[in-house]
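Okay, thanks everyone. I'll go through some helix packing and then one pocket, so let's get the model up on the screen.

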Amino acid sequence: MAIDHQRFIDDLHSLRAFGASGVGKGVIRPAYSEADIAARKWLAGRMTEAGLTPHFDPVGNLFGLADGPSLLMGSHSDSQPEGGWLDGALGVIAALEIARSSDRPISVVSFQDEEGRFGVTTGSAVWSGGLPLDKADALTDGAGIRFDAARGAMADLSQGFVDPNRFSGFIEMHIEQGPTLDASDETIGVVTDIVGIRDMTISFEGQQNHAGTTPMHLRRDAFQALSLFNTQLNDRFRNVVTPQTVWTIGRVDLHPNASSIVPGRVRFTMQWRDGDADRLARMEEIIRVTAQEVADDLGTNLDYGTLLGLEPVAMDLTLRTALETGAEQVAPGKWRRMPSGALHDATNVSRLMPVAMLFVPSINGISHAFAEDTDEADLIAGLNVLDHAVRSLSG
C-alpha cells in the first residue's frame, strides 16, 4: 500500500491534542503525566488498527510489534514542560505510517521520558541496558518525585521488556531542533553522528542569614558561589572547547529564594555536550576543580548528584546510505549530511543494533518551545525519504 500523507498529518494533529497548551501548536506532555499516558493509550489503539501488537514495558516504553523479525522505527511522545508538537512525536507518527504501508515488517516504538524529567533519555536507557532499572528507580525529578513512583502510574499496562533481538536495526526521524536546514533552505538532513552528553546536579551550601544586617565580607552566599563558578568556568573552558561544544546551567533552585535573605543553598544542573569523549572528560575535570576552588574561596560546602551521560555515536553506514539515497530521490540537491547536537534515543539503541537518523527543518531553528514548527511540505518530504529508504533496504 502507498503511504497516506493526509492520514500522517491528521495523526500528528490528533497526538498534539493530548496536552495541547492553548498557545499555538505547543504541548505540555511530560513523562508519566495524565496527558502522556492518555497519548500512549491512543497510540496503542492506532498501532492495533495498523496490524501491530501494542506492548508496554515496565518503564512505559510503548512498542507496536510486527510479527516475527522486523525493522524498528520511532522516537518518543513525551514533551518538555513547555514543548512543541513535533519533538519526538514526528518520529513516532512517521514510523506508524511506514508500518501501515510497507511490505517489509516494521515495528514502532515511542520511548518514555526521552525529555529527561528523571535523567537522560531514561526509557531507552533502561531498555538498552545502559541504565539498570534499580538505579533508574532512585532518580528524582525537580519536585523530588522518584522514578519508581512515577512509572507506577502505568503499572497496570506493563507486560515486561521486549527482546531487542527481534529487531534488525532502528531508524529515527526527527526535527532538526536547530537552524541549519532552515537557514540554508534545505529539506533533509541525514545524520552522521550524535554528540555525547554529560549531565549532573551541583549544590553549594553556605549560610542563610539576614540580608540587611550581615556584612558582605562575612557572608557565605550560595548564589555568589554559583555566579563565580559560572564566570570562572566560561574562562577556563576557553582553550579546551570547540565552536561545536556547548554547556548549560539549566535549572537553578535557590533556597530560600526570598528578597531579604542571604541565600543559604543553591542546587543547579550542569550539562555539557561534544562529539569527542576525551573532551567531555576534560570538561568534567575542569567543572569539578572549579567548583571545589569556589567552595573553598567562599566557605561553602560542595555536593554532586549522579553523573549521567551518553557517549558520542556514529550512524550505521548501511542504514545511513539508504536514507541518503532516499534524500537524493525526494529532495535532489536540497539535503545534507550533518551531525546531531541534540541527544536522541538512537544513542541508547545503538548499544543493541545498527541505528540511523533523519532530520527535517525546524522553522527559525526553534524547538523545546511552543513556537516549534515545520512546514507541512517538509514533514511529508521526510516521510517520503523514510519510505524510499525502507523500500531500498527491502530490495
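So, to start: which residues in H10 meet which residues in H12? One thing to keep in mind while you look is that this is a predicted model. On the H10 side we have Thr318, Leu319, Ala322, Leu323, Gly326, Ala327, Gln329 and Val330. On the H12 side, they meet Ala381, Asn384, Val385, Leu386, His388, Ala389, Ser392 and Leu393. Sort that contact by class and you get ten nonpolar residues, six polar ones and no charged ones.

Now the geometry. H10 covers residues 317-330 and H12 covers 376-394, and their axes lie 8 Å apart at an angle of about 125 degrees. Oblique is reserved for angles that are neither roughly parallel, roughly antiparallel nor roughly perpendicular, with the perpendicular range ending at 115 and the antiparallel one starting over 145, so H10 and H12 count as oblique to each other. The crossing is right-handed.

Stay on H12 for a second, since H3 packs there too. H3 is residues 89-101, and the H3 and H12 axes come within 10 Å, crossing at roughly 50 degrees. That pair is therefore oblique as well, and the crossing of H3 and H12 is right-handed. From H3 you'll find Leu90, Ala94, Glu97 and Ile98, and they meet Leu379, Leu383, Leu386, Asp387 and Val390 of H12. That contact has seven nonpolar residues, no polar ones and two charged. If Leu386 sounds familiar, it also came up in the contact with H10.

Next, the N-terminal end. How are H1 and H2 oriented to each other? H1 is residues 5-16, H2 is 34-49, and they pack at about 155 degrees with their axes 11 Å apart, so they're roughly antiparallel. H1 brings Arg7, Asp11, Ser14 and Leu15 to the contact, while H2 brings Ala39, Trp42 and Arg46. By class, that's three nonpolar, one polar and three charged.

Last stop, the second largest pocket. It holds about 350 Å³ of space. Sixteen residues line it, and the ones nearest the centre are Val195, Gln244, Val246, Arg273 and Gly341. Which strand gives the most to that lining? That's E11, with four residues. E11 runs 265-274, and E9 (246-255) and E15 (335-340) also supply at least two residues each. The lining is a mix of six nonpolar, seven polar and three charged residues.

Okay, that's my tour, over to you.

Notes: Residues are numbered from 1 along each chain as its sequence is written. This is a predicted model: local features need pLDDT of at least 70, side-chain atom pairs count only at pLDDT 80 or more; totals for chains, interfaces and linings use all residues. Side-chain values use heavy atoms; hydrogens and water are left out. On a 1 Å grid over the protein atoms alone, a cavity is a set of points where a 1.4 Å probe fits but cannot get out, and a pocket is an open set with protein on both sides within 12 Å along at least five of seven lines; lining residues have an atom within 4 Å of a point. Grid points are joined across faces, edges and corners, and a volume is the space filled by probe spheres set on the points. Ala, Val, Leu, Ile, Met, Phe, Trp, Tyr, Cys and Pro count as nonpolar, Asp, Glu, Lys and Arg as charged, and the others, Gly among them, as polar. Axes are lines fitted to C-alpha atoms, for helices over the stretch in contact, and angles run from 0 to 180 degrees between N-to-C directions. Angles under 35 degrees count as roughly parallel, over 145 as roughly antiparallel, 65 to 115 as roughly perpendicular and the rest as oblique. A crossing is left-handed if the near helix is turned anticlockwise from the far one by less than a right angle, and right-handed if clockwise. Contact means heavy atoms within 4.5 Å.
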